[in-house]
Amino acid sequence: MVGIILASHGEFANGILQSGAMIFGDQEDVAAVTLLPSEGPDDVRAKMEEAIASFSDPDQVLFLVDLWGGTPFNQASNLFEGHEDSWAIVSGMNLPMVIEAYASRFSMTTAQEIAGHILATAKEGVKPLPEGLAKDEAETEQVQAEEAPASSGQVGSPGQMDFVLARIDSRLLHGQVATGWTRATHPTRIIVVSDAVAKDELRTQLIKQAAPSGIKAHVIPIDQMIKIGKDQEHFGKERALLLFENPQDVLRVVEGGVPLEEINVGSMAHSKGKVQPNKVLAFSQEDIDTFKALKEQGLRFDVRKVPADQGDNMDSILQQAQKELDKQNA
């Protein structure tokens, strides 16, 4: 029997597992995997590995995840490597999809066969009332084009690329970026700037896969970003969203001549020796010193996870981080 993993941010996967059981009955070889606010990617991966090990046939696994490009999707994609001929991943999980997957196991014996079969049911399950609210695909694209903001500054003119957002996020391209920030800034390209990621073929491929429809994603080393920043004649019509893993890479880019004015600070993962003055940002002494250097370069800081958040004060955060580091090292 094909094993099914339902994976989500928060308790959504547990809820849809319960709903599916109410409608279709309890199911064998089905597991819910949740990413809770206090957890990270490694926790999700460990839960997935535990679920797979419990299935009667670990060679046939179907992942139903909530969001393309989110942490559950990315961890499923990591595990997917080496199982491309037998496993399958489907994003946009909804209840019709889950019920159809359960029913399909009676007649279908492979994860990929079920994955292909359930797509139509999942899409048909999305309907508005009144029915007249539904737009066909062409009309939807036209509305999106009309709602997109007009290009600012010299976008499209020779020698100028518009950097619509430069963000520090240790998770790089994930759900909050792929949905909230791309809708808020309307980039044509997402560029991950990192020497380490550029050398990692698997991470590079996952980032490219996580890009929203209609937006191209690239992974480039820092020197290449500096070269682009100095000579943009071939990129004049582009709106670029830049993603950095850490402030040190941002400083190298700025010192190299890339004309950034503001940095969105979204997430910095905790590791040994760092302090965490708030829920999403962790600092070493090097991090604090780097942010001070960026401020000396004239950069502003926009401290928000998602566009709807109220911005935090970076100076206050850095002061608190310094106090905690001094206390830790005393």
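**Two sheets, two domains and a pocket**

Let me start with one pair of residues. Arginine 167 stands opposite leucine 243 in β8. That pairing belongs to a longer match: strand β5, residues 162-169, and strand β8, residues 239-244, run parallel and are joined by six bridges. Keep in mind throughout that this is a predicted model.

Now widen the view to the sheet. β5 and β8 sit in an open sheet of six strands. The order is β7-β6-β8-β5-β9-β10, and the pairing is parallel. Which strands stand at the edges? They are β7, residues 216-220, and β10, residues 300-303. Each has a single partner strand, so one side of each is left without a neighbour in the sheet. On average, neighbouring strands here are turned by 25° against each other, direction ignored.

What packs on this sheet? Helix α7 does, and α7 touches β5, β6, β8, β9 and β10. For orientation, β6 covers residues 189-193. The direction of α7 makes about 150° with that of β5. Remember α7. We meet that helix again at the pocket.

Next, the other sheet. This one is also open, with four strands in the order β2-β1-β3-β4. Again, the pairing is parallel. At its edges are β2, residues 30-35, and β4, residues 88-90, and each of these pairs on one side only. From one strand to the next, the twist averages 20°. Look inside it at β1, residues 3-9: over six bridges, β1 pairs with β2 in the parallel sense. Here leucine 6 stands opposite alanine 32 in β2.

Just before β2, there is a backbone detail. Aspartate 29 lies in the loop between α1, residues 12-24, and β2. Its phi is near 55°. That is a positive value in a residue other than glycine.

A second backbone detail sits further along. Leucine 129 and proline 130 are joined by a cis peptide bond, with omega about 5°. Where is proline 130? In the loop between α5, residues 111-124, and α6, residues 137-147.

On to the domains. The chain is divided into domain 1, residues 3-125, and domain 2, residues 162-329. Taken over C-alpha atoms, their centres are separated by 31 Å. How many residues does the contact take from each domain? It takes 10 residues from domain 1 and 10 residues from domain 2.

That brings me to the second largest pocket. Its volume is about 770 Å³. The lining has 28 residues. Nearest the centre of this pocket lie Pro37, Glu39, Arg171, Val280 and Lys305. Three elements give two or more residues to the lining: α2, residues 41-54, α7, residues 175-185, and β9, residues 262-267. Which of the elements gives the largest share? It is α7, with three residues. So the helix that packs on the six-stranded sheet is also part of this pocket's lining.

What about the character of the lining? Eight residues are nonpolar, 14 are polar and six are charged. Both domains take part, too: domain 1 and domain 2 each supply at least three residues to the lining.

To recap, then. The chain has two domains. One open sheet has six strands, and another has four. α7 packs on the six-stranded sheet, and the second largest pocket draws its lining from both domains. I'll stop there.

Technical notes
Residues are numbered from 1 along each chain as its sequence is written. This is a predicted model: local features need pLDDT of at least 70, side-chain atom pairs count only at pLDDT 80 or more; totals for chains, interfaces and linings use all residues. Side-chain values use heavy atoms; hydrogens and water are left out. On a 1 Å grid over the protein atoms alone, a cavity is a set of points where a 1.4 Å probe fits but cannot get out, and a pocket is an open set with protein on both sides within 12 Å along at least five of seven lines; lining residues have an atom within 4 Å of a point. Grid points are joined across faces, edges and corners, and a volume is the space filled by probe spheres set on the points. Ala, Val, Leu, Ile, Met, Phe, Trp, Tyr, Cys and Pro count as nonpolar, Asp, Glu, Lys and Arg as charged, and the others, Gly among them, as polar. Domain bounds come from an automatic or database domain assignment. Two strands pair if DSSP finds at least two bridges between them. Axes are lines fitted to C-alpha atoms, for helices over the stretch in contact, and angles run from 0 to 180 degrees between N-to-C directions. Contact means heavy atoms within 4.5 Å.
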